[in-house]
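User: Please take a close look at the enclosed spaces of this model, for someone who has not seen it before. Afterwards, set the open space and the cysteines beside them.

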Amino acid sequence: MNTHHQNRLIHSTSPYLLQHAHNPVDWYEWGAEALEKAVKEDKPILVSIGYSSCHWCHVMERESFEIEKIAAVMNAFFVCIKVDREERPDIDQVYMEAVQALGINGGWPLNVFLTPQQKPFFGGTYFSPQAWIQILNNIHNAYISNRQQLNDTAEELSLHLLRSDVDRFRQQSSVSDWRSETDTIYSKLESRFDSRHGGMDKAPKFIMPSVWHFLLRYHHITGNIHALDQVNLTLHKTEQGGIYDQIGGGFARYSVDAYWFAPHFEKMLYDNAQLLSLYSEAYQVTKDETFRTIVYETFEWLIREMTGGSGEFYSALDADSEGEEGKYYVWTNAEMENIQGDDAKIISSYYGVTPEGNWEHGNNILKKSGKDEMFLKNLTPLQTAGWPTVLKKAKRKLLEHREKRVRPGLDDKIITAWNAMTVCGLTDAYRAFADNRFLDAAIKNMGFIESELTSGDVLYRSFKGKPSSTQGFLDDYAYVIQALIKLYQVTFNEQWIQRAAKLTDHVIHYFHDPSDGFFFYTSSAAEKLITRKKEIFDNVIPSSNAIMAQNLFQLGTLLDNSGWKETAHSMVKALSHITQAEPNYMSQWAIVATEMNMGMKEVLMTGTEIHTWRKELQKDFYPFVLTQGANGKSSLPLFEGKEKIMGKDTIYVCFQKTCRLPVQTLEEARNQLN
């Protein structure tokens with residue numbers, strides 16, 4: 001990095017923008033200064049979008065943005081704006097869609113060229129230095145000599161952007177059998193199962209947690225064992241592969257192959273937050289001790305490497321260290337022998353380490369060839385008896401050695417949505433294992449969100465030393481509301497439900513579009529871009545509209561708000577056809593649809609035993625149950641008229657405002673639920 005240059009990004013709070021603060025490119029942040037300059041000087045705008053742990057973003061910076069002669073062309077012909085997609089996903093959404101509308105595969109870095117009026121006319125992802133300099137010159141020449149054609153393209157793309165996904169995909173739903181619809185969703189997913197390696201049949205492989213959450217619920221409804229088998233296969237194959245950090249815990253973003261072996265080594269908070277939930281739910285269903293181990297190891301990694309002093313969670317760990325992808329995580333055979341000594345042979349066999357290396361340049365990615373019981377079959381009885389101690393010692397040695405290496409870059413900004421997702425993951429882990437460490441971490445993190453990222457009912461997107469000036473987007477609100485609903489159900493502290501209700505009112509006021517019943521991604525009070533998008537498709541992170549629909553249904557049930565439930569129903573029904581047609585990208589919608597169609601049972605607990613009962617009940621998988629509790633008065637509507645029977649602690653199992661006979665034991669309540 002050339003530190004003798006310094007541009008405007010030096011004042012940014014974004015770790016990604018700060019990485020570019022010493023480029024010779026005259027970078028601006030997105031804002032009035034840059035946009036007004038483009039209009040005043042009649043220059044096209046170059047918007048370059050990435051994030052701090054993006055490998056190819058680093059490559060393009062090193063090859064092009066740090067090169068003086070390339071920077072000179074960029075500075076002369078364009079107003080250059082750098083955007084952190086994690087801080088400004090609204091900008092990323094708009095221009096990613098524009099590039100995809102041009103027939104170009106999306107990805108990062110995303111480089112988009114705009115008119116001074118912010119209308120896109122050309123873009124792409126990574127460009128080699130030779131291609132980049134040619135594109136810069138070609139666009140400059142076209143802007144001077146063929147301006148009308150560029151403007152026509154920009155107008156056409158802008159019209160495309162103005163039509164929302166909701167307009168394109170919403171249909172009036174016809175009445176049909178919801179069980180048949182659910183079976184159709186499952187059949188579509190099943191047709192794409194990788195029955196050998198788990199996941200879906202393609203590479204690269206992303207885990208897509210919401211797909212497997214849906215399959216757990218489908219199995220719960222139907223008893224379909226093949227659905228559960230595919231979840232088990234997927235979760236075991238991922239935890240055995242290189243995508244899982246066998247030494248330090250936590251998952252990488254995806255594997256580049258179909259086998260979960262070679263990861264793209266960056267670790268994102270949002271993946272691991274969701275996988276805490278997924279492995280916890282899978283444990284509730286199966287009681288598989290491997291799933292418990294994965295939850296605990298991932299939690300230990302979060303606390304060790306991703307947690308700030310006030311309980312906040314950092315955003316990401318880079319794939320690269322010392323300019324080399326994966327260097328921090330891989331091992332040579334010689335290293336293994338030196339570190340493990342007499343145990344080297346057995347540990348190398350366990351993790352697939354070979355003398356020539358199982359990856360690039362003689363390096364080994366640690367992986368397991370199968371379940372531990374299969375590996376232990378090849379050991380002597382004496383080795384088998386001592387194996388847990390040997391493995392624990394080996395992991396400790398490797399972790400201690402690894403921590404002496406140059407660490408990958410840490411993106412230490414705090415993103416509201418991702419932190420709230422982590423609260424959800426921690427509360428789900430607490431439900432499964434009743435370990436107060438999970439709950440304490442969740443409550444501490446929510447305290448940080450409340451104190452540092454909230455002003456009244458307004459959330460802010462991110463924090464690094466101070467809150468960003470960017471107000472929260474729909475995903476920030478949706479995931480915080482979801483986290484608050486989950487926190488209430490594991491604490492029975494009604495402040496969490498009251499807070500969720502206030503934020504929901506805020507979202508309806510500032511984000512809701514009454515013309516179609518869905519929610520904009522940006523608040524009506526936020527800075528205006530050339531269009532306001534609505535996020536409906538699930539990706540690795542479920543769509544904010546799907547989460548909001550789920551929140552409205554669950555909160556509407558808990559607070560007896562029929563308007564919220566009706567809004568949720570209309571959203572789900574309008575997309576039911578696309579949910580059936582493309583469930584891989586609508587799996588969160590499928591989850592919400594099953595909740596609505598099954599209906600949410602409510603379990604009310606009164607008296608001094610409520611927390612003992614709650615812990616025992618929540619150790620098992622009850623995906624269609626909302627739990628409430630109070631030792632005394634409650635403001636929640638279903639508690640009205642409910643009290644102890646003959647002075648004894650009491651449980652009520654209710655459905656659609658009608659309660660079965662009150663009972664005094666958890667066993668009786670379980671029988672009513674089942």
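Analyst: A cavity is a set of points on a 1 Å grid over the protein atoms alone where a 1.4 Å probe fits but cannot get out, and its lining residues have an atom within 4 Å of a point. The model is predicted, so local features need pLDDT of at least 70 and side-chain atom pairs pLDDT 80 or more, while totals for chains, interfaces and linings use all residues. Residues are numbered from 1 along each chain as its sequence is written, and side-chain values use heavy atoms, without hydrogens and water.

The structure contains 4 cavities of 30 Å³ or more. For the largest cavity the volume (the space filled by probe spheres set on points joined across faces, edges and corners) comes to about 560 Å³. Its wall is made up of 33 residues, and those lying nearest the centre of the largest cavity are R217, E281, D428, Q482 and K486. Several parts of the chain meet around this space: the helices α10 (209-222), α12 (269-286), α18 (416-433), α20 (474-491), α22 (544-558) and α25 (587-598), together with the strand β20 (625-630), each supply at least two residues of the lining of the largest cavity. Helices here are DSSP runs of H or I with at least four residues, and strands are E runs of at least two. Sorted by class, the lining of the largest cavity holds 14 nonpolar, 12 polar and 7 charged residues, where Ala, Val, Leu, Ile, Met, Phe, Trp, Tyr, Cys and Pro are nonpolar, Asp, Glu, Lys and Arg are charged, and the others are polar.

The second largest cavity encloses about 160 Å³ of space. It is lined by 17 residues, with G242, Y244, D245, Q246 and Y329 lying nearest its centre, and the lining of the second largest cavity divides into 11 nonpolar, 3 polar and 3 charged residues.

Turning to the open space, a pocket is an open set of grid points with protein on both sides within 12 Å along at least five of seven lines. The second largest pocket has a volume of about 690 Å³ and a lining of 28 residues, of which T293, E297, L391, K392 and K395 lie nearest its centre. Two or more residues of that lining come from each of α11 (225-240), α13 (289-305), α16 (372-376) and α17 (381-402), and α13 gives the most, with 8 residues. The lining of the second largest pocket is made up of 10 nonpolar, 6 polar and 12 charged residues.

The cysteines complete the picture. There are 2 disulfides in the structure, a disulfide being a pair of cysteine sulfur atoms within 2.5 Å. One of them joins C54 to C57, with an S to S distance of 2.3 Å, and the torsion about its S-S bond is about 80°, so the disulfide of C54 and C57 is right-handed. C54 is buried (under 20% relative accessible area; exposed is over 50%, partly exposed in between, with a 1.4 Å probe and protein chains only) because its relative accessibility is 3%, and C57 is likewise buried, with a relative accessible area of 3%.

The sulfur atoms of C654 and C659 are 2.0 Å apart in a disulfide, and since the torsion about their S-S bond is about 95°, this disulfide is right-handed. C654 counts as buried at 1% relative accessibility, whereas C659 is partly exposed at 27%. C80, by contrast, is in no disulfide, the nearest cysteine sulfur being that of C57, 16 Å away. C80 is buried, with a relative accessible area of 1%.
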